[in-house]
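Here are my notes on this structure, as numbered points. Please read them with the sequence and the 3D view open.

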Amino acid sequence: MSESKAKFTYYMGDTPPQFANRSEEECAKILDYYSIPWMYEPRTFVLERDQEGNVIEAFTPDFFLPEQNLFVELTTMKQAHVTKKNMKIRKVKERFPEINIKLFYKRDFLKLAQKYDLSVEGDHKE
């Protein structure tokens, strides 16, 4: 992770975001461009605990958009990893039915990247 050098007007966090990859930073720039308040990884959802109560599976979505009450997870990864994320999002929805969450796939982000002439080459996560 590296701290973003971009200045964000609509970021609602207390410390500068440390994006895991370039796609997340570019997505944050789009949110800021459209004056959409956002938070970066503000909440982790515990999906499973062992018998002693220790967390054995959790999920932290990339963004939260407070005005839309929506968590957003961005994935530009290989299909095998996407399937894993889909399973985690399904678990979040089952365990926390009040939570609104959306997965943006590589094709969704590439459409945005093309529209806004963003560079996403060499992007890696996990």
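1. Glutamate 73 is placed in strand S7. The model is a predicted one, and in it this residue has a relative accessible area of 1%. Glutamate 73 therefore counts as buried, since the limit for that word is under 20%.

2. Which residue is 32 positions away from glutamate 73 in sequence and 9.4 Å away in space, C-alpha to C-alpha? The partner in this pair is glutamate 41. Glutamate 41 belongs to the loop between S3 and S4. Its relative accessible area is 27%, so glutamate 41 is partly exposed.

3. The backbone at glutamate 41 deserves a look. Phi is positive there, at about 45°, although the residue is not a glycine. Asparagine 69 is also a non-glycine residue with a positive phi, in this case about 50°. The loop that holds asparagine 69 runs between strand S6 (63-65) and S7. With a relative accessible area of 41%, asparagine 69 is partly exposed.

4. Now the strand pairing around S7. Strand S7 (residues 70-74) and S8 run parallel and are joined by four bridges. Within this pairing, leucine 74 stands opposite phenylalanine 104 of S8. In general, the strands of a sheet pair through backbone hydrogen bonds, in either a parallel or an antiparallel way.

5. Both strands are part of an open sheet of four strands, in the order S3-S6-S7-S8, and the pairing in this sheet is mixed. Which strands stand at the edges? They are strand S3 (39-40) and strand S8 (101-104). Each has a single partner strand, so one side of each has no neighbour in the sheet.

6. A separate pairing joins S4 and strand S5 (residues 55-59), which are antiparallel and share four bridges. Phenylalanine 45 stands opposite phenylalanine 59, a residue of S5. S4 and S5 make a hairpin, with five residues between the two strands. In the turn, glycine 53 has a positive phi of about 90°.

7. How many salt bridges are there? The count is five. One of them joins lysine 91 to glutamate 48, with the closest N and O atoms 3.3 Å apart. This pair links distant parts of the chain, as lysine 91 is in helix H2 and glutamate 48 is in strand S4 (residues 45-49), 43 residues apart. Glutamate 48 has a relative accessibility of 31% and so counts as partly exposed. The contact also belongs to a network of salt bridges that links Glu48, Glu57 and Lys91.

8. Another salt bridge is formed by glutamate 26 and lysine 29, where the closest N and O atoms are 3.6 Å apart. The two residues are three apart in helix H1 (residues 22-33), which means that about one helical turn separates them. Are the two partners buried or exposed? Glutamate 26 is buried, with a relative accessible area of 8%. Lysine 29 is partly exposed, with a relative accessible area of 34%.

9. Glutamate 94 and arginine 95 also meet through their side chains in a salt bridge, at 3.7 Å from N to O. Glutamate 94 has a relative accessible area of 56%, and because the cut-off is over 50%, glutamate 94 counts as exposed. Arginine 95, at 38% relative accessibility, is partly exposed.

10. There is a patch of positive charge on the surface, and it gathers Lys93, Lys102, Arg107 and Lys111. Residues that form a salt bridge are not taken into such a patch. Of these four residues, lysine 93 can be placed in helix H2 (residues 79-95). Its relative accessibility is 44%, so lysine 93 is partly exposed.

11. Last, the overall picture. The secondary structure consists of three helices and eight strands. Along the sequence, these elements follow the pattern β-β-α-β-β-β-β-β-α-β-α. The protein has 126 residues, and 38% of them count as buried. Glutamate 73, the starting point of this note, is one of the buried residues.

Key. Residues numbered from 1 in each chain as written. Predicted model: local features only at pLDDT ≥ 70, side-chain atom pairs only at ≥ 80, totals over all residues. Heavy atoms only, no water. Patch = residues over 30% accessible without salt bridge, like charges linked within 9 Å, V, L, I, M, F, W, Y side chains within 5 Å. Areas by Shrake-Rupley, 256 points an atom, 1.4 Å probe, with all protein chains shown as cover. Salt bridge = Lys/Arg side-chain N within 4 Å of Asp/Glu carboxyl O. Lys, Arg positive; Asp, Glu negative; His and termini not counted. Charge placed at Lys NZ, Arg CZ, Asp CG, Glu CD. Buried < 20%, exposed > 50% of the residue type's maximum accessible area, 1.4 Å probe, protein only. Pairing = 2+ DSSP bridges.
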